[in-house]
Amino acid sequence: TDMDLTDVHSISTITPSVDALGSLAAEIIRDTTGTGLNGRLAWDYTVPASAVEYLAKDQIKVETFAFSVLDFQGGSVERTVTITITGTNDTPTLTATDVGGVILEGTTLSDSGSIAFADLDLTDRPTATEVTKSVTALKADGTTALTLTTDQQAAIEAAFSIAVPNPNTNANNGTINWTYTITEANLNFLAKDEVVTAVFTVTVNDQNGGTAAQDVTVVLTGSNDVPTLTANDVGGTILEGTTLSDSGSIAFADLDLTDRPTATEVTKSVTALKADGTTALTLTTDQQAAIEAAFSIAVPNPNTNANNGTINWTYTITEANLNFLAKDEVVTAVFTVTVNDQNGGTAAQDVTVVLTGSNDVPTLTANDVGGTILEGTTLSDSGSIAFADLDLTDRPTATE
């Protein structure tokens with residue numbers, strides 16, 4: 001107020017404090033309400049939001065603006081306007097530098113990437129945590145769900161980790177590095193083209209109530225594991241005249257849990273030797289066919305079997321199909337059993353059957369075994385006895 005009601009007032013130059021970020025405008029507004037006051041001083045403070053975003057939660061920035069009210073008659077009053085700016089929390093912002101991982105069983109067992117973070121609050125010291133958001137698994141058809149065991153899921157989740165920023169040493173801006181590393185043993189259960197998609201959520205916390213989250217997606221694809229075979233019994237012994245049948249088994253195992261192996265067999269070789277052990281014995285087409293046909297396997301049913309199982313083989317031949325063998329003649333027949341997991345993986349095991357001949361006694365046919373001699377007339381007579389030997393290489397002789 002001014003006792004001289006005719007005075008006109010103005011404001012001197014406004015002087016801000018040295019580090020002021022905003023600006024102050026002021027003006028004199030004359031009072032026309034009859035209250036007896038000459039007028040009032042109105043001021044307006046403005047500061048860009050970007051200029052004060054560096055303030056963290058509850059940080060304070062004080063700015064002052066000094067000026068004088070002048071009456072143009074040599075009178076003045078000094079005034080100071082004080083502005084207190086209080087910071088609020090700015091949520092961190094994230095930049096997905098690399099948030100996708102690819103793991104291929106048998107080749108790529110590790111992947112990594114990073115997430116950049118920035119916090120406008122300069123004194124914030126963010127840290128980070130990670131949790132598993134989801135783990136889904138599909139069979140090779142891309143639509144059928146694949147059920148994981150507790151251990152399988154745990155191994156898939158445990159393979160993901162992040163390098164947590166140290167809030168005591170880091171800055172308001174930085175990078176979170178993530179790594180996914182899994183062992184082959186923990187992926188072997190996956191069959192060819194089966195896929196597990198694991199999503200992990202990385203959350204950055206500025207420790208003042210502000211958080212931001214980013215998902216990292218890791219896709220794990222299975223490849224085919226070849227079946228492994230265990231030869232429980234892969235040798236057969238056949239002795240003409242006594243043992244005409246033998247059997248055994250081959251166990252198979254497939255690390256790919258959804259594989260359903262089946263099996264086939266083929267004749268690998270049939271060799272025959274005479275009793276001296278060195279001279280080859282030639283077989284007829286029918287003899288060889290009978291020896292090959294005597295071998296069979298119980299083929300696993302791919303619709304009902306599991307990834308692990310057993311293939312039973314049997315060798316059964318008739319005496320009639322062995323009679324041609326002489327004593328100590330030997331036929332060695334080798335059959336290859338191949339297990340196929342129906343995804344391109346095979347494993348083979350030979351089964352060897354040794355057939356040994358025994359002696360067959362010759363058989364005689366009395367063609368003419370009676371003679372008639374009559375003194376003075378018939379002084380000579382003759383006849384014959386036919387012999388046959390099932391042992392084709394026997395060369396019989398005779399004595400009387």
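The paragraphs below lead through a predicted model, from one of its sheets to its salt bridges, loops and surface.

Because the model is predicted, local features are reported only where pLDDT is at least 70 and side-chain atom pairs only at pLDDT 80 or more, while totals for chains, interfaces and linings use all residues. Residues are numbered from 1 along each chain as its sequence is written, and side-chain values use heavy atoms, with hydrogens and water left out.

A sheet is a convenient place to begin. Strands of a sheet pair through backbone hydrogen bonds, either parallel or antiparallel. In this model, 4 strands form an open sheet with mixed pairing, and their order is β8-β14-β13-β10. Its edge strands, each of which pairs on one side only, are β8 (100-104) and β10, and from one strand to the next the twist averages 20°. Strands here are DSSP runs of E with at least two residues, numbered from the N terminus, and two of them are said to pair if DSSP finds at least two bridges between them. The twist rests on axes that are lines fitted to C-alpha atoms, with angles that run from 0 to 180 degrees between N-to-C directions.

Within this sheet, β13 and strand β14 (residues 211-221) run antiparallel and are joined by 11 bridges. As one position to look for, V199 has T217 in β14 as its bridge partner.

The edge strand β10 covers residues 127-138, and T127 is found in it. T127 counts as buried, because its relative accessibility is 18% and buried means under 20% relative accessible area, whereas exposed means over 50% and partly exposed lies in between (1.4 Å probe, protein chains only). Leaving aside residues up to four places away in sequence, T127 touches V164, P165, P167, T203, V204, N205 and Q207, where contact means heavy atoms within 4.5 Å.

Charged side chains offer another way through the model. Side chains of opposite charge can pair when their charged atoms come close. The structure holds 7 salt bridges, each being a side-chain nitrogen of Lys or Arg within 4 Å of a carboxyl oxygen of Asp or Glu. One of them joins D215 and K133, whose closest N and O atoms are 2.7 Å apart. Since D215 lies in strand β14 and K133 in strand β10, this pair ties together parts that are 82 residues apart in sequence. D215 is partly exposed, with a relative accessible area of 24%, and K133 counts as exposed at 53% relative accessibility.

Another salt bridge is formed by K61 and E63, with 3.2 Å between the closest N and O atoms. Both residues are buried, K61 with a relative accessible area of 10% and E63 with one of 0%. K61 and E63 also belong, together with D19, to a network of salt bridges. The side chains of K57 and D58 likewise meet in a salt bridge, at 3.3 Å from N to O; K57 is partly exposed, with a relative accessible area of 42%, and D58 is exposed, with a relative accessible area of 53%.

The loops hold some further points to look at. D193 lies in the loop between β12 (174-181) and β13 (195-205), and its phi is near 70°, a positive value in a residue other than glycine. D193 is partly exposed, with a relative accessible area of 39%. D328, in the loop between β20 (309-316) and β21 (330-340), also has a positive phi, near 70°, and is a residue other than glycine; its relative accessible area of 38% makes D328 partly exposed.

The loop between β20 and β21 is also the place of A320, which counts as exposed at 61% relative accessibility. Although A320 and S223 are 97 residues apart along the chain, a reader may wish to locate both, as their C-alpha atoms are separated by 50 Å.

The last stop is on the surface, where L364, V369, I385 and F387 form a nonpolar patch with about 460 Å² of accessible area together. Patches are made of residues with over 30% relative accessible area and no salt bridge, like charges being joined within 9 Å and nonpolar side chains (Val, Leu, Ile, Met, Phe, Trp, Tyr) within 5 Å; accessible areas come from the Shrake-Rupley method with a 1.4 Å probe, and for residues only the protein chains shown count as cover. One member of the patch, L364, lies in strand β23 (residues 363-366) and is exposed, with a relative accessible area of 62%.
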